[in-house]
Amino acid sequence: MGRQNHNSTSQLTYIILSNYRHRIFATFIVDTDKQLWIADRHSEHVQCARGQAVLSAGKITFTLTLLSLVVSAITNQSTGYCPESESWKVVASALAEANLVYPFDFTSKFVFRKCEVCSTTNIVKYDWFYCGVCDSNLPKEWNFDL
Ligand SMILES: [Zn+2]
């Protein structure tokens, strides 16, 4: 599939060398082979995943310390894929596989639901399961297909 230049370690090195600073913000996805992929923070998750299905997706922040590169913040914020926060488990194992130091869970969690009446993607806050556009009830169960 010609993904050589897209490998997370080389991509990460590229991002660090090209914008050397204390903190690095990026986009990530975990593909169906449980591999972590990282792209510039301005790129779309769907682009980062080459249009393929993912197990998780979101935003990631790296902090460069004297000793190592630490994942200082990570979220499941991807309106392209709307992953469940329960996808953390697969994200954690992909981060471990990449030899990164990471937090014990997503540092911010987003709850996404698709309105089954008007098809709007909603971010549910404070357990308020109502569509922001048409006010219909939103399902309690995650309802996006991978
Ligand atoms: Zn709606």
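Let's start at a turn: β1 and β2 form a hairpin with four residues between the strands, and Lys 34 in that hairpin takes a positive phi near 65°. The two strands pair in the antiparallel sense, with five bridges between them. One cross-strand pair to look for is Ile 29, which sits opposite Trp 37 in β2. Keep in mind as you look around that this is a predicted model.

How far can you trust it? Mean pLDDT for the protein chain comes to 87, with 85% of the residues at 70 or more. The weak spot to skip is residues 1-5, where pLDDT stays under 50 and the model has one contact beyond four places in sequence.

Now zoom out. The protein chain has three helices and six strands, and reading along the sequence you get α-β-β-α-β-β-α-β-β. Of its 146 residues, 27% count as buried. If you take contacts with a separation of 6 or more, 47% of them join residues 24 or more positions apart.

Back to the hairpin, because it belongs to something with more strands: an open sheet of four, ordered β2-β1-β3-β4, with antiparallel pairing. The edges are β2 and β4, and each has a single partner strand, so one side of each has no neighbour in the sheet. On average, neighbouring strands here are turned by 35° against each other, ignoring direction.

Walk across the sheet from β1 and you reach β3, its antiparallel partner over nine bridges. Phe 28 is a handy landmark here, since its bridge partner in β3 is Gly 58. Carry on from β3 to β4 and you find another antiparallel pairing, this one over six bridges. There, Phe 62 has Val 71 in β4 as its bridge partner.

What packs against these strands? Look at α3, residues 88-97, whose buried residues pack against β1 (23-31), β2 (36-40), β3 (54-64) and β4 (69-75). The buried residues in this helix are Trp 88, Val 91, Ala 94 and Leu 95. They lie on the same side of α3 because they cover an arc of only 125° around the axis. Turn to the other side of α3 and you meet Lys 89 and Ala 96, both exposed. After the helix comes Asn 99, with a positive phi near 60°.

That brings us to the nonpolar interior. In soluble globular proteins, nonpolar side chains tend to be buried together. Here the largest nonpolar core has 24 residues, and those with the most contacts inside it are Phe 28, Ile 29, Val 30, Leu 36, Trp 37 and Val 54. Contributions of at least two residues each come from β1, β2, β3 and α3.

Val 30 is a good place to stand and look around. Setting aside neighbours within four places in sequence, Val 30 is in contact with Gln 35, Leu 36, Val 54, Leu 55, Ser 56, Val 90, Val 91 and Ala 94. Among these, Val 91 and Ala 94 are familiar as buried residues of α3, while Leu 36 and Val 54 turned up in the list of core residues with the most contacts.

Finally, there is the other pair of strands, β5 (residues 111-114) and β6 (residues 121-124), which run antiparallel and are joined by four bridges. To get your bearings, find Val 111 opposite Val 124 in β6. This hairpin has six residues between the strands, and Ser 119 takes a positive phi near 65°.

Ser 119 comes up again if you look at Lys 114, a residue of β5. Is Lys 114 buried or partly exposed? It counts as partly exposed, because it has 18 C-beta neighbours inside 10 Å. Leaving out neighbours within four places in sequence, Lys 114 is in contact with Ser 119, Thr 121, Asn 143 and Phe 144. Take Phe 144 as a last stop: Lys 114 and Phe 144 are 30 residues apart in sequence, yet 7.0 Å apart in space from C-alpha to C-alpha.

Definitions and conventions. Residues numbered from 1 in each chain as written. Predicted model: local features only at pLDDT ≥ 70, side-chain atom pairs only at ≥ 80, totals over all residues. Buried ≥ 20, exposed ≤ 12 C-beta atoms within 10 Å, placed from the backbone. Contact = placed C-beta atoms within 7 Å. Pairing = 2+ DSSP bridges. pLDDT = per-residue confidence, 0-100. Arc of directions from axis to C-beta. Axes fitted to C-alpha atoms, helices over the stretch in contact; angles between N-to-C directions. Core = buried A, V, L, I, M, F, W, Y, C linked by C-beta atoms within 7 Å.
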